[in-house]
Every structure is written in C-alpha cells, then in structure tokens.
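Let's take a walk through a protein model. Keep the sequence and the 3D view open while you read.

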Amino acid sequence: MTGLGELDRPETPTSPKAWDAGSERAPSPAATPATTPASAPEAAAGPKPSAPRRGAADPVKALMHRHRELCERAVDPLEIAAGLEAHGITDRTAARFRHRDVFSLAEEMYARVSRDGDAPPSSAPTAPRARADWALLTLLPGTLCAAAVAAVHLTHGQARLVAAASGTLAVALALRAALCRGPLSRPDRSAPGRATTWTAWLLAYAVLGSGLLDSAVAGGPDGLPTGTADGPWPLTAVPVLALTLACAPAAWTAHFFTARAHRKLAASRGLEDFAAAVRPLLLGAFALFLGALAALLTLCAAVLDEPAAYAEALTLGALLFLARLLTTHGFAYAPAVVLTGTATIQAAALAAVFTSRLPGCGFLAAPVEALVTTWGAGSVPTLACGAAALALLVHATRKLTRASAHAPPDPSR
C-alpha cells in the first residue's frame with residue numbers, strides 16, 4: 001500500500017536551477033559548459049520540465065474528489081467504506097487504487113481529509129442504545145391487544161361491539177407509535193410508509209380472513225362476526241394477540257442484530273469478511289424471533305383455549321419481521337412490494353370464492369376450494385406469507401450483509 005508520505009513526496013528537481021541551490025552532487029564548473037550568448041536562445045527555447053499530474057500519480061485524490069461530500073461528512077473510516085461500497089466499489093476495485101480492500105482505502109481517504117482540513121478526529125459511530133421510551137412503546141401494542149381481547153370475551157351485545165372498535169383503534173395507534181420510534185423505525189425517523197397499510201390488512205386477515213374464507217366455501221357466512229371462535233363468522237384472536245405481543249421481541253432482536261453488526265463492521269478488514277460474519281448473525285436473529293413468537297403462540301392458545309394456528313401465524317410473523325428489518329436499514333421498496341403482493345393474493349382468494357357464485361363463474365373458486373378442502377382455510381395465508389417471507393429472507397441475506405446497510409443515515413436527508 002502506498003503510504004501517505006509517498007503520495008505527497010515532492011518530485012526531485014532536475015532543472016538547472018536545482019544545481020544552483022548547492023546540491024552535493026552538483027557538477028563542477030569544468031564539467032559544465034559555459035553558456036554563451038548564442039546558446040542562450042536555445043536554452044530558452046528548450047522544453048521545460050512540467051509539473052507531475054496529480055490525477056495520474058495520485059488516484060486516491062481523484063477518488064476523494066468524486067466522493068467529496070462523503071469524505072467531508074464522514075465521522076469514521078467505516079462510514080467512508082460503507083459509502084464506497086454503496087457506490088459499487090469492491091475489494092477488487094480497491095486494488096486499482098493500490099489498496100488490499102475497501103476498508104484500507106477508506107482509512108487513507110479519511111486520514112487525508114482530516115489532515116487536509118485540519119479537523120480533529122471524530123469518535124467512531126456506535127450502535128444506538130436501548131432506551132426506556134421505545135422499550136415501553138414496543139410493549140404497548142401487546143398490552144392493549146390483550147386488554148381488547150379480554151374486553152371482547154367479557155362483554156356482550158352492543159358493549160362487545162364498542163369494546164372491539166375501541167380496542168382495534170387503540171392497537172392501531174400503538175403499532176404506529178412503535179413503528180415510528182426505536183429499533184423498528186425507519187432510518188430517517190419518518191412516519192411509516194405505505195407498507196403499514198398492507199401490514200394492517202394482513203393482521204386484520206389473521207383475525208377475520210380465515211373464518212370468512214371457511215364460511216364462504218361452505219356457502220356462508222350467515223351473519224356478522226360475534227367476536228367468538230364458534231360463531232357464524234369465526235374470529236381467531238390467538239395469532240394477532242401473539243403477533244402484537246411479539247413486537248417487543250422483534251424490537252429487541254432487531255436491536256441485537258444492529259448492535260452486533262456494528263461490532264462486526266469495526267472488526268472486519270474486508271467486505272467479504274464482513275458479509276461472511278453478518279450472514280449467520282442475521283439467520284440467528286431471525287430464528288430467535290421465530291422461537292419467541294412460537295412460545296407466545298403456545299401461551300396465548302392456552303390462555304384463550306383456541307387453536308394456535310402455528311403455520312399461519314409463524315409465516316406471517318416471519319414476513320412482517322423481515323419486512324421491518326429491511327425497512328429499518330433503508331431498504332423499504334422490496335418489503336412494500338412483497339407485502340402488497342401478499343395482501344393482494346389473500347384478497348383475490350376471498351374475491352374468487354364470492355365471485356364464483358355468479359352464473360358461469362364457478363370455476364374461479366376451484367383452486368381455493370381445493371386448498372381449503374385439503375389443508376383448511378389457513379393454508380391460503382400460510383402459502384402466501386410463506387412464499388413472501390422466503391423471498392424477503394433471500395433478499396435480506398443479500399442486502400443486510402453489506403457494509404452500506406449499517407452506515408449511519410445521511411444527516412442532510
């Protein structure tokens with residue numbers, strides 16, 4: 001690697017003026033021909049040594065000029081490395097700048113910016129610490145959902161309807177607050193995007209969708225939901241209760257993954273090394289959340305004395321967790337598209353069953369009826385959410401193992 005001193009070392013002067021400065025190797029007067037008036041014009045007309053081109057001799061400086069804003073706002077070499085990687089510079093590209101990897105190149109760029117600007121070195125960025133405010137916010141959705149479920153089970157008639165409506169509104173507001181603060185929030189701390197709408201749809205389907213689909217295949221429903229699992233339009237409260245309670249494990253798991261990834265970033269010496277270290281960390285965090293969700297499903301099913309619906313709830317929980325984990329690291333487009341597609345599939349399944357009741361449209365419901373008859377009404381959301389979660393898991397292993405995914409957000413945005 002070319003040192004900083006070698007990059008800025010001035011060239012050894014070779015012009016005649018250099019010998020007049022008293023160099024030890026200056027030629028003797030006898031060896032130097034006298035300059036005559038006739039030869040003076042020739043010396044004046046001769047080619048003069050040009051200054052070396054810094055762009056060709058110092059490729060790092062040219063790179064710093066192209067990424068000037070990144071270098072100026074960086075508080076640590078790791079932030080420059082993440083930014084370079086986000087612009088497509090890999091370890092192989094860094095070799096053209098006489099460095100073994102992007103991290104080494106970023107260290108020189110950061111050192112030269114600090115030296116040229118005479119700026120004091122800044123402290124290294126650290127992972128955000130857990131705070132009591134967002135910890136309480138992540139516990140709030142599950143607490144309010146548990147209170148709403150208890151109120152629905154303990155009331156009847158008009159009071160049950162009021163309890164269900166007020167409980168739904170309270171849980172929705174609590175979820176929005178939890179998604180705007182803490183480890184589940186977007187990097188820019190802005191309000192949740194359009195993916196929140198489809199998240200609400202998927203949670204509502206977990207409560208009402210399977211019961212409605214089962215009744216529709218059987219020719220119903222014969223009435224509105226009564227808030228119980230044995231009514232004409234059955235409600236399944238266990239999945240949504242477990243998922244809202246799982247907001248706290250999801251937040252802590254996301255915080256754990258972010259903190260450990262920052263440590264891996266500081267200890268890694270190459271992009272490939274960092275990806276290899278973070279990939280098992282990501283899969284471990286994902287498995288940890290699924291284990292916590294399975295335990296909550298078992299607990300809620302025992303308390304409410306209802307089926308746990310493990311397959312449906314676990315696939316939905318995996319989908320929502322991966323979508324939120326990608327969103328918190330700045331990759332919001334793919335989760336929004338996948339959640340939209342999943343919600344559309346579930347809505348299309350319900351629409352196909354009801355549309356098949358029109359004359360000549362009975363064939364539309366054949367695939368859905370086959371699934372419901374063979375594996376039950378929960379097979380439709382299980383297959384839809386499972387396929388979507390698998391796609392997001394593959395996407396996450398590519399995006400969240402990049403150094404740029406763990407760089408601090410740009411304060412100018």
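What follows goes from the whole protein to a cavity and then to a few single residues.

**The whole protein**

This is a predicted model, in which local features need pLDDT of at least 70, side-chain atom pairs count only at pLDDT 80 or more, and totals for chains, interfaces and linings use all residues. Residues are numbered from 1 along each chain as its sequence is written, and side-chain values use heavy atoms, with hydrogens and water left out.

If you look for secondary structure, you'll find 19 helices and zero strands. Here helices are DSSP runs of H or I with at least four residues, strands are runs of E with at least two, and both are numbered from the N terminus.

Of the 413 residues in the protein, 44% are buried. Buried means under 20% relative accessible area, exposed means over 50%, and partly exposed is in between, using a 1.4 Å probe and protein chains only. The accessible surface adds up to about 22000 Å², and carbon and sulfur atoms own 63% of that. Such areas come from the Shrake-Rupley method with a 1.4 Å probe; for residues, only the protein chains shown count as cover.

Now for contacts, meaning heavy atoms within 4.5 Å. Take the contacts with a separation of 6 or more: 75% of them join residues 24 or more positions apart.

**Spans from the record**

An unreviewed UniProt entry lists several stretches as "transmembrane region", including residues 200–218 and 310–326. UniProt positions are given in the numbering used here, feature names are shortened, and annotations may be inferred rather than shown by experiment. Here is how those two spans look in the model:

| Span | Distance between end C-alpha atoms | Helix | Strand |
|---|---|---|---|
| Residues 200–218 | 27 Å | 95% | 0% |
| Residues 310–326 | 24 Å | 100% | 0% |

**The cavity**

How many cavities of 30 Å³ or more does the structure hold? There is one, and the largest cavity has a volume of about 40 Å³. On a 1 Å grid over the protein atoms alone, a cavity is a set of points where a 1.4 Å probe fits but cannot get out, and lining residues have an atom within 4 Å of a point. Grid points are joined across faces, edges and corners, and the volume is the space filled by probe spheres set on the points.

Among the lining residues are Leu202, Glu312, Gln346 and Cys385. Helices α12 (195–217), α16 (310–328) and α19 (379–399) each give at least two residues to the lining, with α12 supplying the largest share, three residues. By type, the lining has six nonpolar residues, one polar and one charged. Nonpolar covers Ala, Val, Leu, Ile, Met, Phe, Trp, Tyr, Cys and Pro; charged covers Asp, Glu, Lys and Arg; the others, Gly among them, are polar.

**Residues around α16**

Arg324 sits in helix α16 and counts as buried because its relative accessible area is 13%. Leaving out residues up to four places away in sequence, Arg324 touches Leu179, Leu184, Ser185 and Arg186.

In the loop between α15 (271–304) and α16 you'll meet Asp305, a non-glycine residue with a positive phi near 55°. Is Asp305 buried or exposed? At 69% relative accessibility, Asp305 is exposed. Ala309 is also found in the loop between α15 and α16; Ala309 has a positive phi of about 50° without being a glycine, and at 32% Ala309 is partly exposed.

**One more stop: Cys71**

Cys71 is part of helix α6 (residues 68–73) and is buried, at 3% relative accessibility. Not counting residues up to four places away in sequence, Cys71 touches Met64, Ile80, Met109 and Val113.

Conventions. On a 1 Å grid over the protein atoms alone, a cavity is a set of points where a 1.4 Å probe fits but cannot get out, and a pocket is an open set with protein on both sides within 12 Å along at least five of seven lines; lining residues have an atom within 4 Å of a point.
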